[in-house]
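Please open the structure in a viewer and keep the selection panel at hand. The stops below are meant to be followed in order.

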Amino acid sequence: MGERFKVLIADDEYWTREKFRKMIEWDEYGLELLPLASDGEEVLARMEQHRPDILITDINMPFLNGVELLEEVQKVYPDVVTFVISGYNDFEYVKGAFLAGSINYLMKPVSKIDLVNAIIKALDIIQGKRSLKAQEAKKKLEFSKAASLMQDREFSQLLEHKDMLYAPYAASSGMDAAGLSLTLIKIHNMSYLMKECGYDMNLISVKTKNRIRDIIGTGALMVFNHIYRSNEFLIVSEIERKTLVPLIKRLLEELCSWTQSPVTIVSSSHIYSLDNIQQAYVQAISLLMTRKFSSESCLIAADPDNQAGSVEVNSRFSEIQAKELRTLLKSGNQRGIYELVFEKTGIRKCKEEAWSYLEVRQTVKRVFNILLEEAEKALSPEELLQAESMAEMADKAVELLDDVYLCEVTEAMIDSVLAAGTDDAADTMQETVCQAANYVDEHYFETLTLSGLAEQFHVEHSYFSKLFKKLTGETLMMYIAKRRIHKAKEYMKENAGSLAEIAFMVGYDDYTYFNKVFRKLTGVSPRDYKKSLELADF
């Protein structure tokens, strides 16, 4: 059951209309025969109400003749395919019908085969028009994506380098360089958008920016996507604060619904000129750190009297606990380490206890620094590389606001440092690990977690983690990372897109994070690796 096309037939003779109604089984061909019309005025009423795809009309009708009718239809409904029905003595009318835009005519009396052929021709024309429109829309989208990426690259540099020569661009755009404000939008989990947009980073960027502009309006002088952190969008506007805040609240609701992700929007204080945009961005990031570590979206507005956005941060991991963790690591006490890190320190309850984003980030960093110190003493270079990569994964888990994933990565890190062994796996479990590895090979670009894969293959996640490492020689997270980087290298050889686009295609929405993982696993940056390929081809 495909698309149904609507057909409207007009004739001033009742029996002719009834003949058309019964001539073919309209429903069987996926056609909807609309209520028949007896004159031109009825046709225009049906057109407005039903919007048909095909119009077949007699040339001689009262009130509004066929030629006049076709002229009106072509003016108001140019996509409708039209046919005229005429007799042998209606040449001048038929000529006028062609000039009015009709694409064919049927000679009276109209047979069943004549009608069927006319419908087939009309459907071919409709398909051709739609294909052409689709091609034009695709071409237009590609141009939009290219222009969007260029804009993002230029404006992102303003956030990274203080001495960029951006003033000519600002002047040419007619932008007022004073009294501006910066708004940071962070979409914490991009997985839904990635699937919806076919893992096309530029398409996500264009669509998101268009939604932002639709709500903020002409007051948004600059809307751009941070190319090094694909989940960050920024607005530079000249809108007064009292007007901007309601717009941002509406934008927050819209983005939460559309992205199916927690969203944080930070509205900084005014930045007076483009020279201060980097400072305003730093302030916005500082304010973002004050948000609660929860799955709820939030809006943070800067206090003009508190430019730094400073807040009181509790120390969740004391020096005494740090010494205790080092002692437990030396003794290999896994149970004690788990209790200290997850229960005493409280990482497992960070959402329940309403920790701030910064408190989680600092605590995780301190714990992992100690684990890495021990790893440097006990692990081989390959195992140490895995441990360092897991520290990067923990950072990513914090950004996702995902406490479950964070605890999974932390458990895997502890097990890796302790080199905890497992019993020999049964043949069935070996097959399970093999299936999981094959699944990763095929779905590397998706959001993959230990708990998700363990649940999919019906294994307790802690046991699954240990078993995977024992049978493959590396942790599950490292296996995923290696598969992604391997695929990224293939895309670079194929010249499949920019480095930021390739990072997105293999599952990383944050280019900075991708860059770190790539460098860890290959020893060179993605840019240097791509240059080496270009030199080799040369």
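The tour begins with the whole chain, then visits the cores, two residues of one helix and three helix pairs.

**The whole chain**

Display the full chain as a cartoon, bearing in mind that this is a predicted model. The protein chain holds 22 helices and ten strands. Colouring by burial comes next: 51% of the 538 residues count as buried. With the surface switched on, about 26,500 Å² of the protein chain is exposed, and carbon and sulfur atoms supply 51% of that area. Among contacts with a separation of 6 or more, 70% are between residues 24 or more positions apart.

**The nonpolar cores**

Select Ile185, Leu251, Leu325, Tyr508 and Phe514. In the largest nonpolar core, which has 111 residues, these touch the most other members. Then add helix α13, residues 357-378, which gives this core its largest share, nine residues. For a separate region, select Leu31, Ile56, Val81 and Ala122; these are among the 21 residues of a second core.

Return to Leu251 and show its surroundings. Leaving aside residues up to four places away in sequence, Leu251 touches Ile185, Arg211, Ile212, Ile215, Ile216, Ile235 and Ile265.

**Two residues of helix α8**

Select Ile216 next, in helix α8, which spans residues 201-216. Is Ile216 buried or exposed? Its relative accessible area is 5%, so Ile216 is buried, the cut-off being under 20%. Beyond residues up to four places away in sequence, Ile216 touches Ile235, Ile239, Leu247 and Leu251. A distance label between the C-alpha atoms of Ile216 and Ile248 should read 7.6 Å, although the two residues are 32 apart along the chain.

Move to Ser205, which is also placed in helix α8. Ser205 counts as buried because its relative accessibility is 2%. Which residues does Ser205 touch, not counting those up to four places away in sequence? They are Ser148, Asp152, Asn225 and Phe233.

**Helices α5 and α10**

Select residues 112-160 for helix α5 and residues 277-288 for helix α10; the two pack at an angle of about 75°, with axes 7 Å apart. That angle makes α5 roughly perpendicular to α10. On the α5 side the contact is made by Leu158, Leu159 and Glu160, and on the α10 side by Ile277, Gln278 and Tyr281.

**Helices α11 and α12**

Select residues 319-331, helix α11, together with residues 334-344, helix α12. Their axes lie 9 Å apart and the packing angle is about 155°. Angles over 145 degrees count as roughly antiparallel, and α11 and α12 are therefore described in that way. Their crossing is left-handed. Show side chains at the contact: α11 contributes Gln321, Glu324, Leu325, Leu328 and Leu329, while α12 contributes Gly336, Ile337, Leu340, Val341 and Lys344. Leu325 has appeared already, as one of the core residues that touch the most other members.

**Helices α13 and α15**

For the last stop, select α13 again and add helix α15, residues 403-418. How are α13 and α15 oriented, parallel or antiparallel? The packing angle is about 15°, with the axes 10 Å apart, and the two helices are therefore roughly parallel. The crossing of α13 past α15 is left-handed. From α13 the contact takes in Val360, Val364, Phe368, Leu371, Leu372, Glu374 and Ala375. Facing them from α15 are Leu406, Val409, Thr410, Met413, Ile414 and Val417.

Conventions. Residues are numbered from 1 along each chain as its sequence is written. This is a predicted model: local features need pLDDT of at least 70, side-chain atom pairs count only at pLDDT 80 or more; totals for chains, interfaces and linings use all residues. Side-chain values use heavy atoms; hydrogens and water are left out. A nonpolar core is a set of buried Ala, Val, Leu, Ile, Met, Phe, Trp, Tyr and Cys residues joined through side-chain atoms within 4.5 Å. Buried means under 20% relative accessible area, exposed over 50%, partly exposed in between (1.4 Å probe, protein chains only). Helices (H or I, at least four residues) and strands (E, at least two) are DSSP runs, numbered from the N terminus. Contact means heavy atoms within 4.5 Å. Accessible areas come from the Shrake-Rupley method with a 1.4 Å probe; for residues, only the protein chains shown count as cover. Axes are lines fitted to C-alpha atoms, for helices over the stretch in contact, and angles run from 0 to 180 degrees between N-to-C directions. Angles under 35 degrees count as roughly parallel, over 145 as roughly antiparallel, 65 to 115 as roughly perpendicular and the rest as oblique. A crossing is left-handed if the near helix is turned anticlockwise from the far one by less than a right angle, and right-handed if clockwise.
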